[in-house]
Amino acid sequence: MWFKNIQLFRLPTPWSMDLARFVEQLERNPLARCSGSEQKRSGWVSPRKDGSLVFSLGQQWLIALRTEERILPSSVINDEVKERAEKLTDSQGYAPGRKQLRELKERVAEELLPRAFTRSKTTFAWIDPQHGWLAIDAGAVGRAEDFIEQLRMVLDEFPLKALHTQLSPQAAMADWLAGGTAPAGFTIDRDCELNAVGEEKSAVRYVRHPLSDEMASEIKAHLAAGKLPTKLALTWDDRISFVLSEKLEVKRLTFLDLLKEEAEKSAEHADEQFEADFALMTGERVRFLPSLVDALGGEITEAS
């Protein structure tokens, strides 16, 4: 339930989508199991497992996309193709050519696919229509892009945009490290990664190192030598710790124990706990995200 990563996107502020209409459009593609001939299938599922495709609380929405995929390792296909090719060689008196092998491989894959095991993964996203946020809990950009593609397939209109800030995360992180101080409301933690921009692609990684005092001069030397930060661990308001990437990804998102204790105190049952966790998580994010954007110089809008 607690997001671990955020791939962040922008919707109109406010987004005029009505909740009932949003649910109706998601219902165009509920999850259905992979058929025997399908390699992969995605569809919308209930994030709270109560049948509704959208969990809504306090004008905050939670949705979930599940993808089922059949696992058919190439090694299994290749072994079967090799065995059949040997039999074919014996029967026809000569080894099969490239075209024949390609057709054989396709036929083997079609035959084995219905017997392959399936695995599933669920990706969650939070939508704040009032403030125009879409946050996808995905560690990789590709997974977020797949999620967005599935939304575009079912929504009649989906005016989504990338988030752009006045300062690039890389430039901002370099300034914070060079000055030894984080922007107001943030503190620099103990993880950092710097990469050279030249052909050598050399990198320096600090893990659980205090990035101050004696380390500060070392980091400044790396910056002066042309290395740029690609990841930096930060804490916001003593409540949320995270790693900011050069692509404006929020990774290793951790809501500190104090917040989780607050949620646990306000809930007695599992359903209440789900609601308490969601309310607290979204409430913090509504405050955290504008602070992060401000730390990066503010948002670039079309008007500006």
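**A buried threonine, a partly exposed arginine and a five-stranded sheet**

Thr123 is tucked away: with a relative accessible area of 6%, it counts as buried, because the cut-off for that label is anything under 20%. This and everything below comes from a predicted model. Thr123 sits in strand β5, which covers residues 117-128. Who are its neighbours? Leaving out residues up to four places away in sequence, Thr123 touches Ile63, Ala64, Leu65, Ile136, Asp137, Arg143 and Phe147. With one residue on that list, Arg143, there is also a polar contact, side chain to side chain, at 2.8 Å.

Arg41 makes a handy comparison. It belongs to strand β2, residues 40-45, and its relative accessibility is 27%, so Arg41 is classed as partly exposed. That label applies because 27% falls between the 20% limit for buried and the 50% limit for exposed. Setting aside neighbours within four places in sequence, Arg41 is in contact with Leu31, Ala32, Arg33 and Cys34, and also with Arg66, Thr67 and Glu68. Glu69 is another residue to look at here: 28 residues separate Arg41 from Glu69 in sequence, yet their C-alpha atoms are 6.5 Å apart in space.

Zooming out, the chain holds 8 helices and 12 strands. Of its 304 residues, 43% are buried. How does its radius of gyration compare with that of a compact globule? A compact globule of 304 residues would come out near 19 Å, but this chain has 25 Å. Along the principal axes, the C-alpha trace spans about 75 × 55 × 45 Å. The accessible surface adds up to about 16600 Å², and carbon and sulfur atoms supply 48% of that. As for contacts with a separation of 6 or more, 67% are between residues 24 or more positions apart.

Next comes the sheet. Five of the strands, namely β9, β8, β10, β11 and β12 in that order, line up as an open sheet with antiparallel pairing. At the edges are β9 (203-206) and β12 (250-255), each of which pairs on one side only. From one strand to the next, the twist averages 15°.

It helps to walk across the sheet one pair at a time, starting at the β9 edge. β8 and β9 are joined in the antiparallel sense by 4 bridges, and Leu194 is found opposite Val204 in β9. Moving on, β8 and β10 run antiparallel and share 8 bridges; here Asn195 faces Leu228 in β10. β10 (residues 227-236) then pairs with β11 (residues 240-245) over 6 bridges, again antiparallel. Two partnerships can be picked out in this pair: Leu232 has Leu244 of β11 as its bridge partner, and Ala233 stands opposite Val243. Last in the walk, β11 and β12 are antiparallel and joined by 4 bridges, with Val243 standing opposite Lys251 in β12.

Two of these pairs are hairpins. Between β10 and β11 there are 3 residues, and Asp237 in that turn has a positive phi of about 55°. Between β11 and β12 there are 4 residues, and this time it is Leu248 in the turn that has a positive phi, at about 65°.

Why is β11 described as largely enclosed by the rest of the structure? The reason is that 6 of its 6 residues are buried. Looking along β11, Ile240, Phe242 and Leu244 point one way, while Ser241, Val243 and Ser245 point the other way, and all of them are buried.

Helices also pack against this sheet. Helix α5 (residues 169-179) touches β8 (186-196), β10 and β11, and its direction makes about 75° with that of β10. Helix α8 (residues 270-295) lies across β8, β10, β11 and β12, and runs at about 45° to β11. β11 therefore has strand β10 and strand β12 as pairing partners, and it is touched by helix α5 and crossed by helix α8, a setting that goes with its 6 buried residues out of 6.

Terms used. Residues are numbered from 1 along each chain as its sequence is written. This is a predicted model: local features need pLDDT of at least 70, side-chain atom pairs count only at pLDDT 80 or more; totals for chains, interfaces and linings use all residues. Side-chain values use heavy atoms; hydrogens and water are left out. Two strands pair if DSSP finds at least two bridges between them. Axes are lines fitted to C-alpha atoms, for helices over the stretch in contact, and angles run from 0 to 180 degrees between N-to-C directions. Contact means heavy atoms within 4.5 Å. The radius of gyration is taken over C-alpha atoms; the globule rule is 2.2 Å times the number of residues to the power 0.38. Buried means under 20% relative accessible area, exposed over 50%, partly exposed in between (1.4 Å probe, protein chains only). Accessible areas come from the Shrake-Rupley method with a 1.4 Å probe; for residues, only the protein chains shown count as cover. A polar contact is a pair of N or O atoms within 3.5 Å; within protein, one must be able to donate a hydrogen and the other to accept it, and residues adjacent in sequence count only if both atoms are side-chain atoms.
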